[in-house]
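I am opening a notebook on this structure and will write down what I look up, entry by entry.

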Amino acid sequence: MLAEMRIQGLGVIEDALLELHPGFTVVTGETGAGKTMVVTGLHLLSGGRSEASKVRNGSGRAVVEGRFDGVFAEHVARIVTDAGGEADEDGSLIAMRSVSADGRSRAHLGGRSVPVNVLSDLADGLLAVHGQNDQLRLLRSAEQRDVLDRFAGDAVSGPLARYREVREEWQSVVSELTERQTRSRELAQQADLLRHGLDEITAVDPRAGEDAELAEQVKRLAAADELRAAATAAHDAVAGAADGDPEVPGALGLLGEARRRLSGAEDSALRDLEPRLAEAAVLLADVGSELGGYLDGLEADPQRLEQVLARQADLKRLTRKYAADVDGVLAWAEDASARLSTMDTSEEALAELAARRDELAARLAEHAAELSKARTAAAAELSDEVTAELSGLAMGQAEIEVTVGTRAAEETDPHALKVGGALVHAGADGVDDVELRLRAHGGAPPLPVHKAASGGELSRVMLAIEVVLAHADTVPTLVFDEVDAGVGGRAAVEIGRRLARLARSHQVLVVTHLPQVAAFADRHCVVDKGTADGITRSGVRVLEQSERVLELARMLAGMDDTESGRAHAEELLTAAEADKVAAPKKARGGKKKTVSAARKRGK
């Protein structure tokens, strides 16, 4: 969970510390006080786009620092480890984002400087921020499909994984077949060139490292006389002259004389040196033997030199054309063989590829149908559960319909697939189009949610969906930015009640202007704005119970200075607390039903 967040130099906030409750925290304040800067700070901490215009005048830079507590999921811990960061001794994790006045942005995680996208990856596992932009995203078909897939869980994720695996292979075969058919002449020309090169290399039949070996042989054969003279002189120096001249004893003879003199000495210290001379004699004897063998094998062979030079010339012709050395030539040949296997444009090869394509298309169609069936079943459940939630949000006559259809495709579509006799577009997420439709009342036709719902109704639809998805959402912290926009009266109370229900399984942070919502919070923070020396500053503070009454009264149309306003605020708080105490008994049965449904979907 996000334990606390510090904001410095962001918008009207000079320096503020926001301490969050593990359950439901609400942030309120007058218009223009800087409530939205709390959400802006969370966006920055989540790796969102930085804006220099948000930096407070005179601050130089804006800094947002968050401290996360608790046991982190495996993928979150892996992100921190890969980034080189580490948690504090108490198990908490510090993330920081700064934005300078010139627009430059920096990020830190676990005490290490990291790219901004690392914070984005981290936030995917820790934070989910819902605001007006998220409502707009909910209008997209892809987002609606994602909502359905999250709700369905394993019932959809399993078929989807199998579908994607077959689709990847199908696409590869389709692309290869298309390329061979459309580029047959060009591929045939390239294949001829590759075959010519392979034939040329095969005729020479080079061995790995052969060019280096030949270069060494050339040096030896070309300098045979010089090498013989050097080896002979060295051999004579070690073993003695070949003619046995006693005037020119070799090193072995001298060592023998030294050993004889020491072995007969009367002094034991001299006699002790004799074994060491014996060791030296053995080493010299080995060297002399090797020099003799070298001389025996060294011949000035002009014919052999000519053969080696000719072989060397053959290899150089290859290295001039295909690579810098023989090892590179062999690598080119291996690559050319692999490329040739994909350039066969014969009728037999094309027919084989086409057959493979059709086989994979049939398998893919089966997986697509399985995926559509799973989504259709989940859509009915999601429709019922969201509709039930809407009835408690002052939309009792409204019904949500989640429809699952297919995307038609033209013959020219490279991803066209025949499923159940119809030609559909086989995208990465299946062949389905998912749409959320809203029936405003019993006699109204179901319309796309963005056409049938007002701004406030759209907020309630999104909240209802989030409540239903709570069991499937692994992100521990949910943030709502004025999700109650355009809502009032009893609907506002129901929104507060559902946010409190969410707070039993998630950490919830809400920025709101409605006292009915704020009354349900476990912790109430207020953003205060003040002016001193002509400079406007805002800060965040946690309210005591008595201060909550005054803040709620202010939110009730500015009634904080009236007895009736404070009485109304106290009544709101009392009713909310009573509801929160009674709600768990009711919620346990409802939650059990949801979990049971999730288990059935996961089977």
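Before anything else I fix the burial classes, because a residue counts as buried under 20% relative accessible area, as exposed over 50%, and as partly exposed in between. I also note that I am working with a predicted model, and that every value below is computed from it.

**Entry 1: the chain as a whole**

I looked up the overall make-up and found 21 helices and 17 strands in the protein chain. The chain has 603 residues, of which 41% count as buried. For the accessible surface I noted about 31,200 Å², with 50% of that area belonging to carbon and sulfur atoms. I then turned to the contacts with a sequence separation of 6 or more, and 72% of these come from residues 24 or more positions apart.

**Entry 2: salt bridges**

I searched the whole structure for salt bridges and obtained 34. My reason for looking is the usual one, namely that side chains of opposite charge can pair when their charged atoms come close.

The one I examined to begin with joins the side chains of Asp429 and Arg164, with 2.4 Å from N to O. This pair links distant parts of the chain, since Asp429 sits in the loop between β11 (422–425) and β12 while Arg164 belongs to helix α6 (residues 154–182), 265 residues away. Which burial class does Asp429 fall into? With a relative accessibility of 24%, Asp429 is partly exposed, because that value lies between the 20% and 50% limits. Arg164 is likewise partly exposed, at 38%.

Next I checked Arg207 and Glu213, which form a salt bridge whose closest N and O atoms are 3.4 Å apart. I recorded Arg207 as partly exposed at 44% relative accessible area, and Glu213 as partly exposed at 38%.

My last pair in this entry is Arg497 with Glu494, whose side chains meet in a salt bridge at 2.5 Å, N to O. Both residues lie in helix α18 (residues 489–502) and are 3 residues apart, about one turn of the helix. Their burial classes I wrote down separately: Arg497 is partly exposed, at 24% relative accessibility, whereas Glu494 is buried, at 12%. Following the shared partners outward, I found that salt bridges join Glu389, Glu494, Arg497, Arg498, Arg501 and Asp579 into one network.

**Entry 3: aromatic pairs**

How many aromatic pairs does the count come to? I obtained 1 aromatic pair. The two partners are Tyr322 and Trp332, and I logged the pair as tilted, with 4.6 Å centre to centre and 40 degrees between the planes. The pair links distant parts of the chain, with Tyr322 in the loop between α13 (302–321) and α14 (326–340) and Trp332 in helix α14, 10 residues apart. I then asked for the burial of each partner and found that Tyr322 is buried at 16% relative accessibility, while Trp332 is partly exposed at 22%.

**Entry 4: strand pairing around β12**

I followed the partners of strand β12 (residues 432–439) and found that strand β9 (residues 399–406) pairs with it in the antiparallel sense over 8 bridges. One bridge I wrote out sets Gly405 against Asp433 in β12. I also found β12 paired with strand β13 (residues 447–448), again in the antiparallel sense, over 2 bridges. Here I noted Leu438 standing opposite Leu447 in β13.

**Entry 5: two single residues**

I picked His367, which lies in helix α15 (residues 347–391). Is His367 buried or exposed? His367 counts as buried, with a relative accessibility of 16%, because buried means under 20%. Leaving out residues up to four places away in sequence, I listed what His367 touches: Arg162, Tyr163 and Val166.

I closed with a backbone check on Asp205, where phi is near 55 degrees, a positive value in a residue other than glycine. Asp205 is placed in the loop between α7 (184–204) and α8 (210–222). At 54% relative accessible area I entered Asp205 as exposed, because exposed means over 50%.

How values were computed:
Residues numbered from 1 in each chain as written. Predicted model: local features only at pLDDT ≥ 70, side-chain atom pairs only at ≥ 80, totals over all residues. Heavy atoms only, no water. Pairing = 2+ DSSP bridges. Helix = DSSP H or I, 4+ residues; strand = E, 2+ residues; numbered from the N terminus. Buried < 20%, exposed > 50% of the residue type's maximum accessible area, 1.4 Å probe, protein only. Contact = heavy atoms within 4.5 Å. Phe/Tyr/Trp six-rings, centres within 6.5 Å; stacked < 30°, edge-to-face > 60°. Salt bridge = Lys/Arg side-chain N within 4 Å of Asp/Glu carboxyl O. Areas by Shrake-Rupley, 256 points an atom, 1.4 Å probe, with all protein chains shown as cover.
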